2 protein chains.
Amino acid sequence: MVTIKDIAKEAGVSVMTVSYALNETGRIGTATRQHVKDVAQRMGYQPNAVARGLQRRRMDAIGVVFGVVPETLVFDGYYGRVLDGICRACGERKQKAVIFQEPSWDALYDNLSILADGYCDGLILITPLKDCPLIEPLLRKRIPFAIVGDSREDPRVIRLDIDNFGASVSIMRHLGELGHRRIAFLQGDLWYLSSEQRHQGYLQGLRELEARYNPALDIPCGYDPAGGYQIAQNLMALPVDERPTAIFCSNDSIAYGVLACCRDLGVRVPEDLSVIGIDDKLQSAGTTPPLTTLRQPYHDIGRRAVEKIVERVSHPDRHATPVGTLELLPAELILRDSVGPAPRLALR
Amino acid sequence: MVTIKDIAKEAGVSVMTVSYALNETGRIGTATRQHVKDVAQRMGYQPNAVARGLQRRRMDAIGVVFGVVPETLVFDGYYGRVLDGICRACGERKQKAVIFQEPSWDALYDNLSILADGYCDGLILITPLKDCPLIEPLLRKRIPFAIVGDSREDPRVIRLDIDNFGASVSIMRHLGELGHRRIAFLQGDLWYLSSEQRHQGYLQGLRELEARYNPALDIPCGYDPAGGYQIAQNLMALPVDERPTAIFCSNDSIAYGVLACCRDLGVRVPEDLSVIGIDDKLQSAGTTPPLTTLRQPYHDIGRRAVEKIVERVSHPDRHATPVGTLELLPAELILRDSVGPAPRLALR
């Protein structure tokens, strides 16, 4: 980058003279001023906009914070597509999207000073843990921020998510309408609030269906295909009248493992067993059979998060006591081929 | 963010006193200094690191520049996965990745002042056009930058790509070994240098195979499945002894269209027709049949670009006349099921 030192050297004048000339201050001759300006223009000089941003306390930049380094952001589906929505919305609003990625939320906490150093006007935290250590310090420092994929009961925080509880209930109703009553639930990682809410929705769904709660069918798994595979194997080894007729997976990754297990065991989906997930990740249309699932409004979640931050940052009193909002965006049930009527023999 | 004004108010002293206390300057009493420091700490004050970065002329940030807004970065495969590699490498080096996305390179040129305002220490341009208008201004302004997916003959520029010409030649040899001689080539968008190089590799491959060049089989298409579909339809309507036995698609997107057309026409792949692409995009393992293709080293390309920029920026004389480098990273032929021996009848 060309500095005023470079210009001074090239123009054969002092740095002070360059500063006077470019800032239209100081007492220097018109010819000198013009000469300096010509040199500056020829050299492609431009004043440092970061300095200007510092002055007006706006960087036109939003930090996107990941407390996890997945094998790939893209293949994960959720992270990549929310990021997509954020990037688009940022581009349209002349905002820069600044990516922060650390392998854990604790590691981010250790780098809090970098997150909160004024480089970004605001932050978007992607699926923070329930006990994410960043929330309180960010509130205390009055850094505008939003969290996505989390709808915790904290009125100070801007939150964007789907209605996870409602999503689970609607999945249970869908299965119920097809005659399923022995429905297994494979839980996600419970350090996410959303996993807990999905689990609560499962329990509520069972109550609505007046189906007996069977702890043997309500199984901790984690968002991992290998876990789904293993648990499906155990479930399929149960006597036929105890076996579930449907497996509700807390996300699509788990369902991939369940489907792989069914293929290996010769269990027909959906004739013998229905399988349903949540997310509609990239691969879900291409599984065998294609996975019935609930689609997250990835792009809208990302876009709304950007809009909320821009709104907050543009507010004249943006460092006032934070006022949070909760937005639950609609998720859509995507009917594919992995869910069918409960097998007749299995009906009680 | 807490400012020194806030601290002054809270501590009941002047802004000047706060400044003295925090900067260990000025003549103020020890008790006052300690009081101010206590208040500052309690309020979570931290000095603005952007101001500090401005001072040392390092922002620890790398801009990632897209001159296109694809329907989604993620589904595209190339953009998303290179970005993945960049984000990971940035995270490991405590660099921020700053995303700039405009619908065209001209739009980016119009916003050149934002790209070059000192917010980022360097830039990575993702697959610039042959006549990308940013190259010369960035060189003139001595902004450290790299281009990926482009290996133009410009020794001033840091370039990272695969050897597109060599990749095409190796694909042609692979087809040649399986007996193919009537090989159609579906060209990509020729405003990318890489597309041109792939085309040159096709022509070289034909020469090596001593196969006749047939202009009717060397067809402009663009990176678009619909184009691939249409052209495949035309090719399959040729008399059987003029029909290609293999279609070499300049990227996987084109190949998806070709495969869809074959499915609709009942053309068996690879028995009647072999189809091969370049990229190994996300969907390529899941097509029917799975696509044989050349895998781009996405992550390595992204990582090396970050490393080159960090290296350049760390150089004591980083605003010296730019010295470019060219790195061609190895691509890997992924053998799946869409390529087979040439049909016997078709052999000349």
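# Exercises on a predicted two-chain model

Strand S6 of chain B, residues 183-187, runs parallel to strand S8 of chain B and is joined to S8(B) by four bridges. The model is predicted, and the exercises below begin with this strand.

## Exercise 1: a strand between neighbours

Describe how strand S8 of chain B is placed, starting from its side chains and ending with the bridge partners of Ile247(B).

**Solution.** Begin with the general pattern: in a regular strand the side chains alternate between the two faces of the sheet. In S8(B), which covers residues 246-249, Ala246(B) and Phe248(B) point one way, while Ile247(B) and Cys249(B) point the other way, and all of these residues are buried. Next, look for the pairing strands: besides S6(B), which pairs with S8(B) in the parallel sense, strand S9 of chain B, residues 274-279, pairs with S8(B) in the parallel sense over three bridges. Finally, follow Ile247(B), which stands opposite Ala184(B) and has Val275(B) as its bridge partner in S9(B).

## Exercise 2: a strand in the other chain

Work out which residues of strand S4 of chain A lie on each side, and whether they are buried or exposed.

**Solution.** Strand S4(A) spans residues 145-148, with Phe145(A) and Ile147(A) on one side and Ala146(A) and Val148(A) on the other, and all of them are buried, so that both faces are covered. To place the strand further, note that strand S3 of chain A, residues 122-126, pairs with S4(A) in the parallel sense over four bridges. Within this pairing, Ile124(A) stands opposite Ala146(A).

## Exercise 3: a buried charge without a salt bridge

Find out where Asp117(B) lies and why the side chain of Lys96(A) does not count as its salt-bridge partner.

**Solution.** Asp117(B) belongs to the loop between helix H8 (112-115) and strand S3 (122-126) of chain B. The residue is buried, and its nearest side chain of opposite charge, Lys96(A), is 4.5 Å away. Because a salt bridge requires the nitrogen and the carboxyl oxygen to be within 4 Å, this pair does not qualify, and Asp117(B) has no salt bridge. A polar atom of its side chain does, however, lie 2.8 Å from the backbone nitrogen of Tyr119(B).

## Exercise 4: salt bridges compared by burial

For the pairs Asp280(A) with Arg295(A), Arg303(B) with Glu92(B), and Asp150(B) with Arg152(B), give the distance and say how each partner is exposed or buried.

**Solution.** Over all chains the structure holds 40 salt bridges, and these pairs can be taken in turn.

1. Asp280(A) and Arg295(A) form a salt bridge whose closest N and O atoms are 2.7 Å apart. Asp280(A) sits in the loop between strands S9 (274-279) and S10 (292-295) of chain A, whereas Arg295(A) is in strand S10 itself, 15 residues apart. Asp280(A) counts as buried because its relative accessibility is 4%, while Arg295(A), at 34%, is partly exposed.
2. Arg303(B) and Glu92(B) have their closest N and O atoms 3.1 Å apart. Since Arg303(B) lies in helix H14 (residues 298-314) and Glu92(B) in helix H6 (residues 78-92) of chain B, the pair ties together parts that are 211 residues apart in sequence. Arg303(B) is partly exposed at 22%, and Glu92(B) is exposed at 53%.
3. Asp150(B) and Arg152(B) meet at 2.8 Å, N to O. Both are buried, Asp150(B) with a relative accessible area of 1% and Arg152(B) with 12%.

## Exercise 5: the surroundings of Ile162(B)

State which residues are in contact with Ile162(B), apart from its neighbours within four places in sequence.

**Solution.** Ile162(B) is found in strand S5 (residues 158-162) of chain B, and at 1% relative accessibility the residue counts as buried. Its contacts beyond those neighbours include Ala167(B), Leu294(B), Pro297(B), Ile301(B) and Leu328(B).

## Exercise 6: how the chains are related

Determine what kind of axis relates chain A to chain B, and through which surface the copies meet.

**Solution.** Two copies of a chain are related by a rotation about an axis and a shift along it. Here a rotation of 180° with 0.0 Å of shift superposes chain A on chain B, with an RMSD of 0.1 Å. That is the relation of a two-fold axis. Among the residues of chain A, Val98(A) comes closest to the rotation axis, its C-alpha being 2.1 Å away. Finally, 100% of the interface residues of chain A are also interface residues in chain B, so the copies meet through the same surface.

Technical notes
Residues are numbered from 1 along each chain as its sequence is written. Chains are lettered from A and ligands numbered from 1 in the order in which they are written. This is a predicted model: local features need pLDDT of at least 70, side-chain atom pairs count only at pLDDT 80 or more; totals for chains, interfaces and linings use all residues. Side-chain values use heavy atoms; hydrogens and water are left out. Copies are superposed by least squares on the C-alpha atoms of residues with pLDDT of at least 70 in both. Contact means heavy atoms within 4.5 Å. Helices (H or I, at least four residues) and strands (E, at least two) are DSSP runs, numbered from the N terminus. Buried means under 20% relative accessible area, exposed over 50%, partly exposed in between (1.4 Å probe, protein chains only). Lys and Arg count as positive and Asp and Glu as negative; His and the chain ends are not counted. A polar contact is a pair of N or O atoms within 3.5 Å; within protein, one must be able to donate a hydrogen and the other to accept it, and residues adjacent in sequence count only if both atoms are side-chain atoms. Two strands pair if DSSP finds at least two bridges between them.
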